[in-house]
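The exercises below are meant to be worked through with the structure open beside the text. Each one sets a task and then goes through a solution step by step.

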Amino acid sequence: MKNPPRWADWLLETFGHPDTREEVQGDLLELYDYWTETIGERKARWRYSLSVLKLMRPLATRKQSDDYSPPFFGSPSMIRNYLKIALRNLVKNKIYSFINIGGLAMGMTVAMLIGLWIYDELSFDKYFQNYDRIAKVMQNGTFNGEVFHGEYNPAPMGQELRTVYADDFSHVIMSSWTRDHILSYGDKKFTKTGNYLSADAPDMLTLKMLSGTRAGLKDPSSILLSESVAQALFGTSDPVGKLMKIDNKLDVKVTGVYEDFPYNTEFREMKFIAPWDLYVSSESWVKRAQDNVEWGNFSWQVLAQIAPNASFEAVSDKIKNIRLKHNPETAFIKPKVYLQPMSKWHLYSGWDKSGNLDGRIQYVWLFGIIGVFVLLLACINFMNLSTARSEKRAKEVGIRKAVGSVRSQLISQFFSESLLVVAFAFVLSIVLALLILPVFNEVADKQIGILWTNPIFWLCGIGFSLLTGLIAGSYPALYLSSFQAVKVLKGTFRVGRFASIPRQVLVVVQFTVSVTLIIGTIIVFRQIEHAKSRPVGYDRSGLITVAMNTPELHDHYNALRDDLLRTGAVVDMSTSSTPATDLNSQNSGFDWVGKDPNFKDNFGTIAVTHDFGKTVGWQFVQGRDFSRQFPSDSSGMVLNETAVRYMGIKDPVGKQIKWNDTPYRVVGVIKDMLMGSPFEPVYQTVYVLNYGWANVINIKLNTNRSTSESLARIEAVFRKFNPGSPFDYRFIDQQYALKFAAEERIGKLASVFAILAIFISSLGLFGLASFVAEQRTKEIGVRKVLGASVLNVWSMLSKDFVFLVLIGFGIATPIAYYFLHSWLQKYEYRTEMSWWIFAVSGLGALAVTLLTVSYQSIKAALINPVKSLRSE
Amino acid sequence: MKRAFLGEFEEVVLLTVAILDESAYGVTVTQEIEQKTGRAVGFSTVHTTLQRLEEKGFLSSRMGGATAERGGRRKRFFMVTAAGRKALSEVKQIREQLWDSLPPQTLQLMGG
């Protein structure tokens with residue numbers, strides 16, 4: 001009779017919609033009969049099969065009614081419902097919410113601050129419109145096997161680049177160094193930092209002129225002032241056209257006022273710009289260098305903007321032999337002139353000894369990595385807590401499903417919960433960042449603000465929040481929602497034995513990071529302390545320096561000294577070419593008996609006056625100090641111990657040393673005086689008597705008097721001799737402390753991050769411990785009934801966590817050792833990595849863990865078992 | 001409630017159900033449409049349309065009438081609901097309004 005295709009029936013049976021299967025099969029059978037009669041069996045079979053195919057799901061599904069949920073985040077009322085329930089959940093579990101939101105917010109704040117810091121570092125100097133084309137003219141060479149780099153250039157360099165290589169450059173700028181100068185207008189006098197620059201510098205630096213023009217610098221007796229200086233000198237009146245003085249001797253006319261350079265530029269200290277030509281005409285030694293085309297005097301800076309079609313590499317290649325051409329005798333150091341693009345000035349300002357680029361970029365990387373890790377720690381907490389709690393919520397899932405929740409609704413529910421937490425954390429982290437920024441800026445020496453208007457900032461923040469929310473919510477959302485209501489509610493449901501393993505791995509990661517950071521911080525600080533406590537070979541206390549920057553001071557030096565000593569506030573006073581904390585002059589051309597003719601010598605050279613030794617308190621190993629009793633001391637020389645070793649001579653006192661063929665006689669050898677970096681070995685240095693080569697006045701205060709009183713008296717004397725200048729002094733011990741500023745900054749930031757990291761990690765542990773204790777309440781009850789003591793329960797609960805922390809410590813130790821070892825290699829004078837640092841860090845982490853976990857486990861252990869066992 | 005639109009084929013099916021009155025189910029609707037309009041319609045199309053109309057609330061259904069030729073399976077009978085009747089009369093009204101507003105000369109050109 002009728003036999004429609006079996007396979008079609010089977011298809012319909014399997015893939016048809018269960019709700020309509022019965023009637024559809026009936027209808028089709030009826031129709032098959034009808035079709036066989038009207039169009040024949042073959043066509044009927046064909047139509048039958050075709051209809052079946054078209055009726056299979058999903059081709060013909062019964063759509064769900066509009067009354068019920070749209071699949072995902074559909075209707076606003078449902079979203080409102082999800083959020084309401086999520087909020088109620090958060091309020092109900094206050095500790096959990098606090099840990100989650102607080103921990104995450106903290107991690108996000110740290111990441112945000114670090115992000116802002118990195119952004120600031122990377123956007124350094126981008127203020128200048130010609131950022132991509134500006135470069136410093138530099139040179140490198142190899143001396144005694146070490147590659148050195150210098151940004152010092154001879155005076156004729158600018159002229160040479162401007163004329164011989166005119167096609168390659170748009171601008172070539174000669175520049176003095178940014179130094180203190182005295183600016184005066186009428187009675188107002190200020191010490192301000194500024195530069196002398198070639199006339200087209202304002203164009204190259206695209207100065208934003210507030211009044212006057214960039215062309216103002218073309219007049220050789222002009223000056224351009226920054227807005228802040230103009231304000232200080234002239235207040236609200238218009239400065240343009242006013243006559244003023246630089247260093248009490250140069251008359252200049254203000255021809256323009258420019259907007260202050262932003263803080264994150266190389267030129268932020270350049271508060272005024274005066275014409276290079278003025279500098280040349282006022283300083284005879286500069287004029288001599290420029291007029292006589294002295295290629296051997298490397299005392300200036302040359303900046304350049306390359307032509308639009310040129311590249312830094314190509315131009316560097318063209319100019320590389322300039323120095324060799326003009327100083328052929330320097331061939332042995334293989335000097336090479338090159339351009340360093342502005343984009344490298346800030347982050348790649350240093351070189352290691354083999355000449356590889358180095359500099360702040362490594363801190364950018366370091367902090368970037370720390371930021372990512374701290375954020376990771378916070379996210380791990382968040383994920384750990386949400387998965388831990390989600391097991392507890394299995395029952396909730398069962399009930400929700402039993403009363404009719406669809407899976408998609410549960411997914412939405414869990415996701416909206418985690419997204420809500422992240423959203424709260426994000427808002428909180430912005431508030432926290434706002435509060436912390438002032439302190440952060442101080443520690444990091446920056447002026448950073450939140451980038452309210454920067455789309456990248458918001459994109460990163462919101463993108464990260466979404467990502468965290470989705471990842472953290474994915475476990476409960478996707479896994480828990482798949483539970484079958486019957487199983488969960490019947491109580492046969494068990495979370496697998498291995499469900500807690502990912503969580504444990506994450507805890508280990510957290511502690512690895514935390515312990516590494518702690519070890520790192522301790523070693524950074526040890527290194528700073530180590531260098532700080534290094535003997536310096538002179539007495540820093542009560543030692544101040546004053547710049548000897550006016551002709552008046554030079555002319556009346558002896559009278560000034562007599563008057564100062566008479567005040568009683570000063571124990572001794574002298575001048576020198578550099579303060580005791582600086583060694584910025586080196587020379588070669590020394591010769592002594594027994595010197596290998598191939599030995600390429602180089603000495604630090606300091607000019608001092610008779611009383612220098614008594615002022616700074618240097619200590620003699622051999623011989624004596626310079627003395628006025630011996631007129632021949634004018635060609636005397638004092639060596640430091642390193643210099644004696646460097647020269648390889650025994651009993652140097654009385655021996656003759658020639659410097660550029662001028663004979664000197666060694667009168668004494670001092671203990672090494674640390675004038676350079678406290679992390680480097682002391683440089684071989686010679687001290688000679690020279691009253692004309694003085695740049696600073698050194699004053700030893702009478703420590704029996706109050707410093708402020710002494711300073712007031714000294715100031716009065718200076719006012720008398722140097723009426724045109726403000727009295728600016730520097731304490732040597734403060735200057736010395738500045739040498740550690742970079743390291744201390746890094747150390748402080750790193751320690752803050754380390755503390756935060758361990759805090760966030762223990763916050764997570766606290767949450768996990770409370771969860772575990774809660775989960776095992778019944779077990780603890782049973783154990784107690786059977787006779788377990790509080791100590792037993794405590795050790796049972798703490799054991800697992802201690803184990804995880806120990807693993808973390810085990811992983812952290814070699815990692816920390818590796819990184820810190822290579823960090824310490826940077827310093828010649830470095831601390832040891834003692835084993836106790838690692839031990840202390842491990843014990844510290846362990847103590848924090850025990851403290852955190854103990855609270856919860858003791859709480860759990862003290863619960864009366866009657867309570868925990870009574871329910872159900 | 002938002003206005004539910006009635007597609008052309010939906011209108012045909014809805015009308016057919018109304019015509020068949022008490023005896024409208026998958027088979028009869030398919031056959032009726034084939035005979036009345038002369039167009040060969042697939043059963044699956046009719047089936048899904050009937051379901052869609054039910055979802056839209058224009059039809060209601062009940063199960064019943066198992067016969068031997070169906071292998072003992074029941075039929076799903078469809079009835080036009082009040083909303084369905086309203087939708088039909090609305091469609092008719094709109095059609096009539098449109099025809100009425102047709103200018104006479106156009107009607108002539110069309111051969112009316």
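**Exercise 1. Describe the interface of chain B and chain A.**

Begin with the residues: in this predicted model, 24 residues of chain B are in contact with 25 residues of chain A.

Next comes the area. The size of an interface is often given as the accessible area lost when the parts come together. For chain B and chain A the buried area is about 2,200 Å², and carbon and sulfur atoms give 48% of it.

Then turn to the charged pairs, of which the rule finds 5 salt bridges across the interface of chain B and chain A. One of the pairs between these chains joins R70(B) to E30(A), where the closest N and O atoms are 2.7 Å apart. Counting residue pairs in polar contact, with both residues at pLDDT 80 or more, gives 8 between chain B and chain A.

Finally, ask which elements of chain B supply the side that touches chain A: α2 (26-37), α3 (43-56) and β2 (75-80) of chain B each supply at least two residues. Of the elements, α3(B) gives the most, with 7 residues. Sorted by class, this side of chain B has 5 nonpolar, 9 polar and 10 charged residues.

**Exercise 2. Find the salt bridge of E160(A) and say what it ties together.**

The general idea comes before the particular pair: side chains of opposite charge can pair when their charged atoms come close. Over all chains the structure holds 46 salt bridges.

In the pair asked for, the side chains of E160(A) and K325(A) meet with 2.9 Å from N to O. Because E160(A) lies in helix α6 (residues 157-164) of chain A and K325(A) in helix α12 (residues 322-326) of chain A, the pair ties together parts that are 165 residues apart in sequence.

The last step is to compare each partner with the limits for burial, which are under 20% relative accessible area for buried and over 50% for exposed. E160(A) has 10% relative accessibility, so it counts as buried, whereas K325(A), at 51%, counts as exposed.

**Exercise 3. Examine the salt bridges of D563(A) and D572(A), and decide for each partner whether it is buried or exposed.**

Take D563(A) to start with: its side chain meets that of K720(A) in a salt bridge of 2.5 Å, N to O. This pair links distant parts of the chain, since D563(A) is in helix α21 (residues 557-566) of chain A and K720(A) is in helix α24 (residues 707-721) of chain A, 157 residues apart. With 15% relative accessibility, D563(A) counts as buried, while K720(A), with 58%, counts as exposed.

Now take D572(A), whose side chain meets that of K614(A) at 3.7 Å, N to O. Here the link runs between K614(A) in helix α22 (residues 612-616) of chain A and D572(A) in strand β17 (residues 570-576) of chain A, which are 42 residues apart. K614(A) has a relative accessible area of 56% and is therefore exposed, whereas D572(A) has 6% and is therefore buried.

To finish, follow the salt bridges outward from this pair: R561(A), D572(A), D611(A), K614(A) and R628(A) are linked in a network.

**Exercise 4. Describe the aromatic pairs that F740(A) forms with F679(A) and with Y736(A).**

As a setting for the task, the structure holds 42 aromatic pairs over all chains.

In the pair with F679(A), the rings are edge-to-face, at 5.9 Å centre to centre and with 80 degrees between the planes. The partners come from distant parts of the chain, 61 residues apart: F679(A) is in the loop between β24 (662-670) and β25 (685-689) of chain A, and F740(A) is in the loop between α25 (732-738) and α26 (741-775) of chain A. Both F679(A) and F740(A) are buried.

The pair of Y736(A) and F740(A) is edge-to-face as well, with 5.4 Å centre to centre and 75 degrees between the planes, and Y736(A) is buried, as is F740(A).

Elsewhere, ring pairs link F590(A), W592(A), F599(A), F603(A), Y646(A), W659(A) and Y664(A) into a cluster.

**Exercise 5. Work out the surroundings of T512(A).**

First locate T512(A), which lies in helix α19 (residues 501-532) of chain A. Its relative accessible area is 9%, so T512(A) is buried. Then, leaving aside neighbours within four places in sequence, list the contacts of T512(A), which are G808(A), I811(A), A812(A) and I815(A).

Terms used: Residues are numbered from 1 along each chain as its sequence is written. Chains are lettered from A and ligands numbered from 1 in the order in which they are written. This is a predicted model: local features need pLDDT of at least 70, side-chain atom pairs count only at pLDDT 80 or more; totals for chains, interfaces and linings use all residues. Side-chain values use heavy atoms; hydrogens and water are left out. Contact means heavy atoms within 4.5 Å. Buried area is the accessible area (1.4 Å probe) that two parts lose on being put together, summed over both. A salt bridge is a side-chain nitrogen of Lys or Arg within 4 Å of a carboxyl oxygen of Asp or Glu. A polar contact is a pair of N or O atoms within 3.5 Å; within protein, one must be able to donate a hydrogen and the other to accept it, and residues adjacent in sequence count only if both atoms are side-chain atoms. Helices (H or I, at least four residues) and strands (E, at least two) are DSSP runs, numbered from the N terminus. Ala, Val, Leu, Ile, Met, Phe, Trp, Tyr, Cys and Pro count as nonpolar, Asp, Glu, Lys and Arg as charged, and the others, Gly among them, as polar. Rings of Phe, Tyr and Trp (its six-membered ring) pair if their centres lie within 6.5 Å; planes under 30 degrees apart count as stacked, over 60 as edge-to-face and the rest as tilted. Buried means under 20% relative accessible area, exposed over 50%, partly exposed in between (1.4 Å probe, protein chains only).
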